[in-house]
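Visitor: Could you take me through this model and explain the words used for it? I would like a reason with each term.

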Amino acid sequence: MVTLDDVAKRAGVSRAAVSRTLNADPSWTIPEATRERILKAASELGYQNRRMRQAENANQIVIIHKDTHYQSRTDNSYYFSIRYGIESACHSEHVQFSFLLNTMLQELPSGLDGAIINGNYNEGQLEEICQALGSVPSVLVAAMKPERLGGLDMVTFDVRESVEIAMDHLREKGCRKVLYVGGRDMEGTPTWRQKRWYYRSYLDRYPELQGLGLIEGAYGSESGYQMMRNWLQAGNPVPDGVFASHDPIAVGAVRALVEHGASIPDQTKVVGVNGDDIGSLTVPPLTTVSVFTEDMGREAVQTLLERIRTRRKVPKRVIFQPQLIPRQST
């Protein structure tokens, strides 16, 4: 029987170095050349520990995403948080995973056990992805439910409720003139799936509220800053309430308001949606509606594994309930 000592002798390192390397000790730092020498020695001698045996028998999944999802940790913290949830669940469940752009479907790995499709896609894009995956069990993690899910499972959050919670909070805080600042929805998105649609619907139900305006632009903190800055420089009034469709946009709006001399939260109150970590770093810290992105990522892995292992045929949808995180911006 091959032992750690045998591998250590072959690689010319200590027994502890072999153990920590083969068990992927996160606190262990080792030169890449030494790590490769240990792995080569273990392979040549046919040594396998429990972790290596688990990896050999692990499920293989792919995470399909857009090229914009991981370009900026600040502006795409929503996707980074989902990604962290996916990765942590994969590590816990000993699942082998890889990432693939939705524009590179021709390079799908072979022998896949499952797939996680992350992000909002139009019907044509989603159909193309599903055709490429074929019969591979798949889970969609998205805010926007497609018209036809087909055989896909889905992990999502309640978009309507996220808007309702934010607007309830502003109204209860005494805001009566509310400005909507949002990211422009993907072309073809039905109105009833848009946050701005629920914003308008909320205003219709509460006549004491006045919608000052609805401004939309690109996603991201810089876009939020420019939209709010342009609004103020055009001579429009400082709103007593601002509902931002996403936290990065809210972060930019807060910066523009502070530059303008508006007092937050005394003069104007700002609330965003997502629950991104960046909201806790603004001055003042941002009130937000958490949609539990990290938990959505973990749930996507669990839902996929459950379907793989049980061979469940009926697709299901998991919907996370949003929750207010009150901070100093309101």
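Guide: The model is a predicted one, and what follows deals with its helix pairs and then its pockets.

Visitor: Why is H1 called oblique to H3?

Guide: The axes of helix H1 (residues 4–11) and helix H3 (residues 32–45) cross at roughly 125°. Angles over 145 degrees count as roughly antiparallel, 65 to 115 as roughly perpendicular, under 35 as roughly parallel, and the rest as oblique. The angle of roughly 125° fits none of the named ranges, so H1 is oblique to H3. The two axes come within 9 Å, and the crossing of H1 past H3 is right-handed.

Visitor: Which residues make the contact between H1 and H3?

Guide: H1 brings Asp6, Val7, Arg10 and Ala11, while H3 brings Arg37, Ile38, Ala41, Ala42, Glu44 and Leu45. Sorted by class, six of the residues in the contact of H1 with H3 are nonpolar, none is polar and four are charged.

Visitor: What makes H5 and H11 oblique to each other?

Guide: H5 and H11 pack at about 45°. Roughly parallel would need an angle under 35 degrees, and roughly perpendicular one of 65 to 115. About 45° falls in neither range, and H5 and H11 are therefore oblique. Their axes lie 6 Å apart, and their crossing is right-handed.

Visitor: How do you know that serine 81 is in contact with residues far along the chain?

Guide: Serine 81 sits in helix H5. Contact means heavy atoms within 4.5 Å. By that test, and leaving aside neighbours within four places in sequence, serine 81 is in contact with Thr293 and Glu294. Serine 81 and threonine 293 are 212 residues apart along the chain, yet their C-alpha atoms are separated by 5.7 Å. Both partners belong to H11, where the residues that meet H5 also include Met296, Gly297 and Arg298. The contact of H5 with H11 divides into nine nonpolar, six polar and four charged residues.

Visitor: Why is H9 called oblique to H10?

Guide: The axes of helix H9 (residues 221–233) and helix H10 (residues 247–260) cross at roughly 40°. The cut-off for roughly parallel is under 35 degrees. Roughly 40° is not under that cut-off and is not within 65 to 115, so H9 is oblique to H10. The axes come within 6 Å, and H9 passes H10 in a right-handed crossing. Among the residues that meet are Tyr225 and Met228 in H9 and Ile249 and Val251 in H10. By class, the contact of H9 with H10 has 10 nonpolar, four polar and four charged residues.

Visitor: What makes a residue part of the lining of the largest pocket?

Guide: A lining residue has an atom within 4 Å of a point of the pocket. The largest pocket holds about 1,000 Å³ of space. Its lining has 37 residues, and the closest to its centre are Tyr79, Asn120, Ala143, Tyr219 and His246. Strand E5 (153–157) is one of the elements that supply at least two lining residues, and E5 gives the most, with three. The lining of the largest pocket has 14 nonpolar, 13 polar and 10 charged residues.

Visitor: Which helices each supply at least two residues of the lining of the second largest pocket?

Guide: They are helix H6 (123–133) and helix H11 (293–310). H6 gives the most to this lining, with five residues. The volume of the second largest pocket is about 480 Å³. Its 21 lining residues include Gly134, Val136, Ser138, Gly151 and Leu152, the closest to its centre.

Definitions and conventions:
Residues are numbered from 1 along each chain as its sequence is written. This is a predicted model: local features need pLDDT of at least 70, side-chain atom pairs count only at pLDDT 80 or more; totals for chains, interfaces and linings use all residues. Side-chain values use heavy atoms; hydrogens and water are left out. On a 1 Å grid over the protein atoms alone, a cavity is a set of points where a 1.4 Å probe fits but cannot get out, and a pocket is an open set with protein on both sides within 12 Å along at least five of seven lines; lining residues have an atom within 4 Å of a point. Grid points are joined across faces, edges and corners, and a volume is the space filled by probe spheres set on the points. Helices (H or I, at least four residues) and strands (E, at least two) are DSSP runs, numbered from the N terminus. Ala, Val, Leu, Ile, Met, Phe, Trp, Tyr, Cys and Pro count as nonpolar, Asp, Glu, Lys and Arg as charged, and the others, Gly among them, as polar. Axes are lines fitted to C-alpha atoms, for helices over the stretch in contact, and angles run from 0 to 180 degrees between N-to-C directions. A crossing is left-handed if the near helix is turned anticlockwise from the far one by less than a right angle, and right-handed if clockwise.
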